[in-house]
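The report that follows is meant for a reader who is meeting this structure without any earlier acquaintance. Please keep the sequence and the 3D view at hand while reading.

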Amino acid sequence: MFGYVRPNKAEMLVKEYAQYKAAYCQLCKTLGQEYGPLARMALSYDCAFYALLALSVTGGAVRERRARCVCNPLKACVYLEAEGEEYKKAAALCVLLTFHKLRDDLGDRSFFRSLGSRMLLPYVGRKARKAEGRYPLLAQAAAEAMEAQRQAEAERAGVDPCAEPTACLLGTLFAELAQPEDRQRPALERFGYFLGRWVYLMDAADDLREDLREGAFNPFIRRLGLEGKRELAPEERQAAETACNEALNATAAQAALAANLLELENFGPIVRNVAEKGLAEVQREILFLHVKEKPRRELEKL
Amino acid sequence: MTDPYKVLGVQPSASDEEIKDAYRKLAKKYHPDQYAESPLKDLADEKMKEINEAYDTVTAQRRGGGGYYNGAQNPVGGNRNSGFSDVRSLIMSGRIADAEQILNGVPPERRNAEWYFLKGSVLYRRGWLEEAKDHFSRACQLDPGNGEYSAALNQAMNQRGGMYGGYNPNQSMNGSCNTCDMCSGLLLADCCCECMGGDLIRCC
């Protein structure tokens, strides 16, 4: 369930896009420094967004630095450095979430399909313990959310209770960015709650067809009355995706309301872009353009 | 007090018109009605107050003048004929968990339209938007004429349409205009002409 929280590039200023890229590169570099070069594979848009939000809430000083790309020595990269803990926290989050995802795959998939996860797990597990040592609160919140998630799915609960653990996880993570007495803490928590809910629902909507085919659990299946179906006819599929889109819209509307109340420094415009336009664009790409099913050549024309 | 111009997001050199514009935009953004069902209502009210104060200060500095915002209305209001006045007051004071506990204790045969509406309100505040919508629709089914219930359902349905966040598939992007829009536009223009006695497109 990674990579859904990202800005709508077409609506960004050139300078904002450059900042976003530089922060992304910085996070990649931090991941390598803290958890070893292989850990860079855990990099995701979501964690980059978390780092940007953290920097915007704390208002930590940032400065640009040009250097070689850590992966491709021929490429020049701009890095956006910060003194504080923000990037390190985001890096820890990347590692922890990847660890839980791999463990999840082990439970859900057959032996051969999870072979890759099985081989990676000991390595990632070591890194996750390292992250846990540094940020016990983050690790605990993530572990609790995953446990609650497993339980909700085992009970075959409805859409709302299934989305609750992810929603609460992001709510906790975002609230923790502000000082306890900061007046915008409730708004941050609410923003995190609905963003987490949106991520969970987006992932469920994205996986709907695959889950139907494999007979796996998906909270939308019962909600939309699709039990027992393996394949969806085109019009059934469209109806299902429209219904998912409505649930996502309601959630995004609440996230935008909470984001309105945030007082953000540094990358405020990027955070707002994500909340107001980025989520909408991801919904459009996945539910209406079906970008994941199209070959790359066709995508370039879009 | 912070700089009122900064609160409104305008330069001190801005014209009266620009300030009014900025105020309107902000007032729309933080309008308490939007946050009526949200725990962030206090924060939104506070913001609204700041904006009002800043706007008042600026206009007073520039020779005074109107633009006051009238207080918000909370959809879960007091209701004289309510069978659940205790639940209503709990919701209004933000004690959602207590309200839910009382509601869950109501036996199924006593669950009327108001029960579904209040349970929906509790779920909505918690962020359980899907079940909230289901409860609001049930309340409207049981008591179709009730304005309070249909207002709550309408708000939930509007947010699902993508006007307030998310993606609205029926909205033409970037204000672009496709062939269908052009044809229907021409047809409408023709109808208007015919109403006034003229004719734009002879064949229809």
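A residue is called buried when its relative accessible area is under 20%, exposed when that area is over 50%, and partly exposed in between, with a 1.4 Å probe and protein chains only. This is a predicted model, in which local features need pLDDT of at least 70 and side-chain atom pairs count only at pLDDT 80 or more, while totals for chains, interfaces and linings use all residues. Residues are numbered from 1 along each chain as its sequence is written, chains are lettered from A in the order in which they are written, and side-chain values use heavy atoms, with hydrogens and water left out.

Five residues can be set side by side by place and accessibility.

| Residue | Place | Relative accessible area | Class |
|---|---|---|---|
| A:R156 | loop between α5 (136–154) and α6 (159–175) of chain A | 47% | partly exposed |
| A:R190 | helix α7 of chain A | 10% | buried |
| A:Q254 | helix α9 (residues 234–260) of chain A | 3% | buried |
| A:H290 | loop between α10 (268–288) and α11 (296–301) of chain A | 18% | buried |
| B:T2 | segment before α1 (4–8) of chain B | 52% | exposed |

Two of these loop residues also carry a backbone feature: A:R156 has a positive phi of about 55° although it is not a glycine, and A:H290, likewise not a glycine, has a positive phi of about 50°.

Chain B holds nine helices and zero strands, where helices are DSSP runs of H or I with at least four residues and strands are runs of E with at least two, numbered from the N terminus. Of the 204 residues in chain B, 38% are buried. Where contact means heavy atoms within 4.5 Å, 49% of the contacts in chain B between residues at least 6 apart in sequence join residues at least 24 apart.

Within this chain, helix α6 (residues 113–126) and helix α7 (residues 129–142) of chain B pack at an angle of about 160°, with their axes 8 Å apart. The axes are lines fitted to C-alpha atoms over the stretch in contact, and angles run from 0 to 180 degrees between N-to-C directions. Because angles over 145 degrees count as roughly antiparallel, α6(B) and α7(B) are roughly antiparallel to each other. Their contact includes B:W115, B:F117 and B:Y124 of α6(B), together with B:L129, B:H135 and B:F136 of α7(B).

Which residues touch the most other members of the largest nonpolar core? Among its 146 residues, they are A:L27, A:L53, A:F174, A:F191, A:W198, A:F220 and B:L8. Such a core is a set of buried Ala, Val, Leu, Ile, Met, Phe, Trp, Tyr and Cys residues joined through side-chain atoms within 4.5 Å. Helix α7 (residues 185–214) of chain A gives the most to this core, with 15 residues. Leaving out residues up to four places away in sequence, A:L53 touches A:F174, A:L177, A:L188, A:F191, A:L264 and A:V271.

The two chains also meet around A:R190, which, apart from its neighbours within four places in sequence, is in contact with A:Q254, A:A258, B:S38, B:P39, B:L40, B:Y124, B:R125 and B:R126. With residues up to four places away again not counted, A:Q254 touches A:R190, A:F194, B:Y124, B:L129 and B:Q159.

Key:
Parallel < 35°, antiparallel > 145°, perpendicular 65-115°, else oblique.
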